Amino acid sequence: MRIGVDVGGTHTDAVLLDGEAIMAACKELTSADVISGVKAALKTLDEKAGGLPDLDAVMIGTSQFTNAVVERRELAKVAAIRIGLPSGRGLPPGVGWPQDIHAALGGHSFALPGGFLYDGRPLAAEDTEAMRKCVADIVAAGLSDVAISSAFSPANAEPEERLAAMIREAIPEARITLSHQVGRLGLLERENAAMLNAALKPFAARVVEAFEGALQEFGIIAPLFISQNDGTLMNAGFVRDYPALTFSSGPTNSLRGAARLTGLEEAIVVDIGGTTSDIGVLRGGFPRESNRAVDVGGVRTNFRMPDIVAVGLGGGSVVSEDGKTIGPQSVGHNLVTQALVFGGDTLTATDIVVAAGMADVGDASKVADIPREVIDNALAAMRAMLEENIRQMKPDKQPLPVVLVGGGAIIAPRDLSQASEVFIPENSGVANAIGAAIALVGGEAEIFADYREEAREAALERAKRQARGVAVRAGGEAFSLRVTEVEETPIPYMDDGLTRIRVKVVGDLAKLAKETQ
Amino acid sequence: MTQITADRLDDIAAGAAFLATGGGGDPHLACLCAKEGLKTYGPATLIEPEDLADDAFIIAVGGVGAPTTSLELLPSVDEAARVVEAYGEIVGRRPDAIVSFEIGGANSLIPMVAAAALDIPLVNGDGMGRALPEATMMTYAIAGIAPTPAVGLDYAGNTQRFDAADVQAYEPMIREFAMTRGGMAVSAEFGMSGAELRACIVPKTVSLSAKLGRYLRTGEGNAAEREGDLRALFEGSIYGKLELLSSGLVVDYTSKVVGGYDVGQAVIESASPGSPPLNVAVKNEYLGITQGDTLIACLPDLITIVDYETGWPINAERLRFGQRVGIFRIGSPAHYTSPEGLASLSGLIASVKAA
């Protein structure tokens, strides 16, 4: 058995799963310190299940790292060093970032000569003197969180590693993120990803420690996994090093959970929370990925992210007096005190659906005197917000099933014009916790192949074999592994192609494979 | 005469990406670089071709090379101005105005930084009306203007002067310069008079890019839903027409650098059931599309592949397995439907037909 937990901005959800079967589920408010909300959820699960059984694993999906970037808090000051001069003059690390987050990281940008060209030749000679001075400047500034990028490091990471070694010598406690470990080709986006990751590392250490402490309190000794943005899992040690890989894991989990709850592989999923509705698309049971470079808190990165549109409509969205405007302000997790049906004095989307008789939450008598016109206006506005955005996310004009999940699902109409059918599955309120609990193990491999010497098919097979090996070592069940991504990037060697092949496989956790069959 | 400020660059870059027909490099990088440039140097002045005196001296400025390499070899803010200055020193003549090689992609923005830094006006128009892989295909070359003397500048600031008998001789020289210096370089070439430029420029493409980009960034809907608005926009321009040719899923994309170009082939599974897959020939840009044995689109028409859901253009180097895309065909400016224009593209057209 295993537990899945999803820490969202408003609610912390948890489920206890035995194979496919949901043994217990609960929804608690997310606390300001996050961890007491997680403990409250574990306590409720414990009570509902009549004591927690022996567990194989605990999976936690958390939006804390995304939120930290978006809200510019818990971010460490970072020394960002790019090895690539004399290219990129006038475009230092952090260029193009919103001013506030650039300032939150301290704006410590350094540029050094070095790196490689596409043809494998050095871009410039490394300057040991300049490297020493850079390290001394970092020491003088008192920085210990470091991001290093260099030109063409996905093909040759030696410059990043050499500088990291120098920094470790001078600052033994340094936490260093090397760009080739977090991103792919595209120097600026990879560098941005490395900088965000570096800024989150101290916070990640605190978060993992708190999670592990909470599990200990409940006597849980099962391994802890955290969800990544692609719907696969990483162990606790990995999260400390790569917190940025959790970005967007929340929407990924709710999409995967919706697929599990309905058995649908092609559908639109609308995850309605307290403040926003996240709309995504299931394709073959997995989230459709965004085609564009993805902004996280206004910073352009090249993480693979699910294609999600967030609409400012949730259960706590504030409704204007005439009902014509909904949100984007929300009472958030104060819904249970501030909404009219809970005795508060703020008209919210939840009050509207209760007044309309579409849902039974709180005290309906408290919304009995809302004028019919206001109710109708608000229902029309809410419908328009959802239908318009669903229409834009749909792959084509064909109606698709729409799955409503999340705690705020009650506010959505059941007859959306864009939908072939609308589903609100049982336990839809905890879809993202289910998504976390059913998350898979992934394995990635990157190889270089010369198609003049090795047939493309043979090279692809070699990469797949290697990725399968990684996934098995990470705890994946060999027979369940399947290839989900193949990416070929030419790393040209003058006229003839050296190609970088990146393959990703996913499969079930071996320990749980029997359970899920 | 208009001032181009840093806050207009996102629009111009988006429009230029649409006109780049898959090539032209990553517009984001060029845009970032141009923004930093215009913030540092102040706005660039845009003038119309008819504002130029007949004997004014104009040079074309831009980047040359394999766009994939610029994902890692970053541009520098000062390089466009430095190549114009180097041209002035080496050739001995400072230009009265600057014009773009090609509106498609990064080359729409690079000359703007030089214009802003050196306070030399930029002409509203370009030498391709899109992106194309070779200097021989610029309308300036088609009109018989000599490309040299020309000056190339690499990422490290090294310069080289070129003198060639004609554009066919010049093209491999500048290409080799770029390829041996990291894959991307900037150059200043095609010194010409105001009268000569007016006769061959593809006019008003900078302002069209701004308008097109504004629509792409603020309009809503998928490729099919945007077709009507886009058609109206192109019908009122030198391109004349636009249509959504097809849509589907990218099921394969392979490319490699051959002779300094990104050469590849994309296979798109058509959204219409039962219809055979579309094969897109790529040489830096989308050149042509065959379906079975039938050539359904080809140069000199422009082929633009977009993200189906948003209508946003996708560069060839960003094509990926599993993307849902729409394919637009846009009419060619008359510059390339003339016998001389078609002749300049004959090699490319033949390569599409042979594939």
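A polar contact here is a pair of N or O atoms within 3.5 Å; within protein, one of the two must be able to donate a hydrogen and the other to accept it, and residues adjacent in sequence count only if both atoms are side-chain atoms. By that rule, domain 1 and domain 2 of chain B share nine residue pairs in polar contact, both residues at pLDDT 80 or more.

Some ground rules come next. This is a predicted model, in which local features need pLDDT of at least 70 and side-chain atom pairs count only at pLDDT 80 or more, while totals for chains, interfaces and linings use all residues. Residues are numbered from 1 along each chain as its sequence is written, chains are lettered from A and ligands numbered from 1 in the order in which they are written, and side-chain values use heavy atoms, with hydrogens and water left out.

**Inside chain B**

The domain assignment (bounds from an automatic or database assignment) splits chain B into domain 1 (2-203) and domain 2 (221-354). Their C-alpha centres sit 24 Å apart. In terms of contact (heavy atoms within 4.5 Å), 38 residues of domain 1 meet 40 residues of domain 2. Buried area is the accessible area (1.4 Å probe) that two parts lose on being put together, summed over both. For these two domains of chain B it comes to about 2800 Å², with 61% on carbon and sulfur atoms. B:Phe18, B:Thr21 and B:Arg130 supply 26% of what domain 1 buries against domain 2, more than any other three residues.

**Chain B against chain A**

Now for the chain-to-chain contact, which takes 47 residues from chain B and 49 from chain A. About 3900 Å² is buried between the two chains, and carbon and sulfur atoms give 51% of that. On the chain B side, B:Glu72, B:Leu74 and B:Tyr155 supply 19% of the area buried against chain A, more than any other three residues.

The polar count between chain B and chain A is 18 residue pairs, both at pLDDT 80 or more. Helix H2 (27-41), helix H3 (79-91) and strand E10 (242-258) of chain B each supply at least two residues of the side that touches chain A; helices (H or I, at least four residues) and strands (E, at least two) are DSSP runs, numbered from the N terminus. The largest share of that side, eight residues, comes from E10(B).

**Salt bridges**

A salt bridge is a side-chain nitrogen of Lys or Arg within 4 Å of a carboxyl oxygen of Asp or Glu. The whole structure has 46 of them over all chains. Four cross the interface of chain B and chain A, and one crosses between the two domains of chain B. Here are some examples:

| Pair | N to O distance |
|---|---|
| B:Asp78 and A:Arg89 | 2.9 Å |
| B:Glu134 and B:Lys283 | 4.0 Å |
| A:Asp13 and A:Lys27 | 3.0 Å |

The pair A:Asp13 and A:Lys27 links distant parts of the chain, 14 residues apart, with A:Asp13 in strand E2 (residues 11-18) and A:Lys27 in strand E3 (residues 21-29) of chain A.

**How far to trust chain A**

The pLDDT is the predictor's confidence in each residue, from 0 to 100. Chain A averages 88, and 96% of its residues reach 70 or more. Among its elements, strand E7 (residues 145-150) has the highest mean, 98, and helix H15 (residues 510-516) the lowest, 53. Over residues 513-517 of chain A the pLDDT is below 50, and this stretch has 12 contacts in the model beyond near neighbours in sequence. Where pLDDT is low, the predicted coordinates should not be read in detail.
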